[in-house]
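The exercises below are meant to be worked through with the sequence and the model open side by side. Each task is followed by a solution that proceeds step by step.

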Amino acid sequence: MNMKELAYIFVIFILASSILFFPSFLMNPLEGLFILPQIIIGGIIIAGISAYLLTPFSLRKVVKPFKSPPEKLVRMVEELSQKAGLKKMPKLMITETPEINAMAYSTLLGPRVVLTRGTVEAWENGKITDDEMRGVIAHEIAHIKHYDPFKSAFVLSWVSFFETIGELFMIFGSLSATVGAIFGTYGSTDEERSAGGMVLMLGLLSMIFGFILMIIAKIASIFSLHYKRRQEYQADELAGKLVMPQVMANALRKVKTLNDELLEKQLASLPYSDRWQMKPRKTSFLDRLFDTHPPFEKRIKRLEDRT
């Protein structure tokens, strides 16, 4: 990772953190600058825990080791890992879902590349060519080469933390308000009804505070998600070098086409299928601010411009 990329990551991190910790910076700018190193260190710790422990733990029930994978698939992973200069070959994993997709994540024992069952079956049935499958895998290898699981966890570290705390306050507030309302209404004594009213008020205040935290986290995530979209372009670029840009562009186009077909088949099975919107709605500019991936069309165009 070069200094320019490192500086870019820290700028994104500081922009997101400045929104989250805005009250501290506003009340005392000097104190805000003093705690900035602590915020950065805290972000690194949160990112490490998130990327290497929490993510593998959360995926453990849906992502399993790929037992007896096709030999050709294993060779693809080996070849692309060596070509990318990875120190350790990723372990191939699988998740039993029908869509065409893949992902990469990190563990303390090494990197992982996950393919969906739909992707493997489409490849085995000839709907995805060998070159296109190499493109899909190369993109995930590129994420590992760039340390993207950790970097994305870093820029989202405090955003995720504030969002989680906000959700906990919302849950606590909802439960407290419910209990308070029950005792405030059905309490057998004045003291119980009075205490119930106080608990109800505490619950409502907790819900408001939690909601505010979640809104602030949502706003701050605009910067972090911008960086995640940048990571996708960078992974496409490196994957293009590993398998050629046109091959990577073809892989992206095939993933989109097959997923669109899958969506239409799923919607067609619904009652009154003719009344359902078969194609995803066009997203607004505001929606795109919170996307984790750039539009397929832009990614494909960037790759084809390199051919």
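**Exercise 1.** Is P65 buried, partly exposed or exposed? Place P65 in the predicted model and list its contacts beyond the local sequence.

*Solution.* Begin with the secondary structure, where P65 is found in strand β1, which covers residues 64-65. Next, take the relative accessible area of P65, which is 38%; because buried means under 20% and exposed means over 50%, P65 counts as partly exposed. Then turn to the surroundings: once neighbours within four places in sequence are set aside, P65 is in contact with K91, L92, M93 and I94. Finally, compare sequence and space for the pair P65 and V113, which are 48 residues apart along the chain while their C-alpha atoms are 9.9 Å apart.

**Exercise 2.** Which residues of the largest nonpolar core touch the most other members, and which residues does L73 contact?

*Solution.* The largest nonpolar core has 39 residues, and those touching the most other members are L73, L115, M133, I137, I141 and L242. Taking L73 and leaving aside its neighbours within four places in sequence, one finds contacts with F66, L92, L115, W123, M133 and I137. Apart from this core lies another, of 23 residues, which includes L36, I40, A47 and V155. As background, nonpolar side chains in soluble globular proteins tend to be buried together. W123, one of the contacts of L73, also belongs to the buried residues of helix α5 (residues 117-124), together with G118, T119, V120 and A122. Helix α5 is followed by G126, whose phi is positive, near 85°.

**Exercise 3.** Is R299 buried or exposed, and with which side chain does its own side chain make a polar contact?

*Solution.* Locate R299 first, in helix α12, which spans residues 296-304. Its relative accessible area is 5%, so R299 is buried. The side chain of R299 makes a polar contact with the side chain of D236, at 2.7 Å. Not counting residues up to four places away in sequence, R299 touches H139, E232, Y233, D236, L252, H293 and P294. R299 and D236 also take part in lining the largest cavity, along with Y233, E237, R302, L303 and R306. The volume of that cavity is about 60 Å³, and both α9 (190-243) and α12 supply at least two residues of its lining. Classified by residue type, this lining has two nonpolar, no polar and five charged residues.

**Exercise 4.** Which residues lie nearest the centre of the second largest pocket, and which elements each supply at least two residues of its lining?

*Solution.* The second largest pocket, with a volume of about 300 Å³, is lined by 15 residues, of which L86, K87, P111, I144 and Y147 lie nearest its centre. Strands β3 (102-107) and β4 (110-116) and helices α6 (130-145) and α7 (148-155) each supply at least two lining residues. By class, the lining of this pocket has eight nonpolar, four polar and three charged residues.

**Exercise 5.** Where does S68 lie, and where does M244 lie? Describe the phi value and the exposure of each residue.

*Solution.* S68 is placed in the loop between β1 and α4 (71-84), and its phi is near 50°, a positive value in a residue other than glycine. M244, in the loop between α9 and α10 (245-268), likewise is not a glycine and has a positive phi of about 90°. For exposure, S68 has a relative accessible area of 72% and is exposed, and M244, at 56%, is exposed as well.

Definitions and conventions. Residues are numbered from 1 along each chain as its sequence is written. This is a predicted model: local features need pLDDT of at least 70, side-chain atom pairs count only at pLDDT 80 or more; totals for chains, interfaces and linings use all residues. Side-chain values use heavy atoms; hydrogens and water are left out. A nonpolar core is a set of buried Ala, Val, Leu, Ile, Met, Phe, Trp, Tyr and Cys residues joined through side-chain atoms within 4.5 Å. Buried means under 20% relative accessible area, exposed over 50%, partly exposed in between (1.4 Å probe, protein chains only). Contact means heavy atoms within 4.5 Å. Helices (H or I, at least four residues) and strands (E, at least two) are DSSP runs, numbered from the N terminus. A polar contact is a pair of N or O atoms within 3.5 Å; within protein, one must be able to donate a hydrogen and the other to accept it, and residues adjacent in sequence count only if both atoms are side-chain atoms. On a 1 Å grid over the protein atoms alone, a cavity is a set of points where a 1.4 Å probe fits but cannot get out, and a pocket is an open set with protein on both sides within 12 Å along at least five of seven lines; lining residues have an atom within 4 Å of a point. Grid points are joined across faces, edges and corners, and a volume is the space filled by probe spheres set on the points. Ala, Val, Leu, Ile, Met, Phe, Trp, Tyr, Cys and Pro count as nonpolar, Asp, Glu, Lys and Arg as charged, and the others, Gly among them, as polar.
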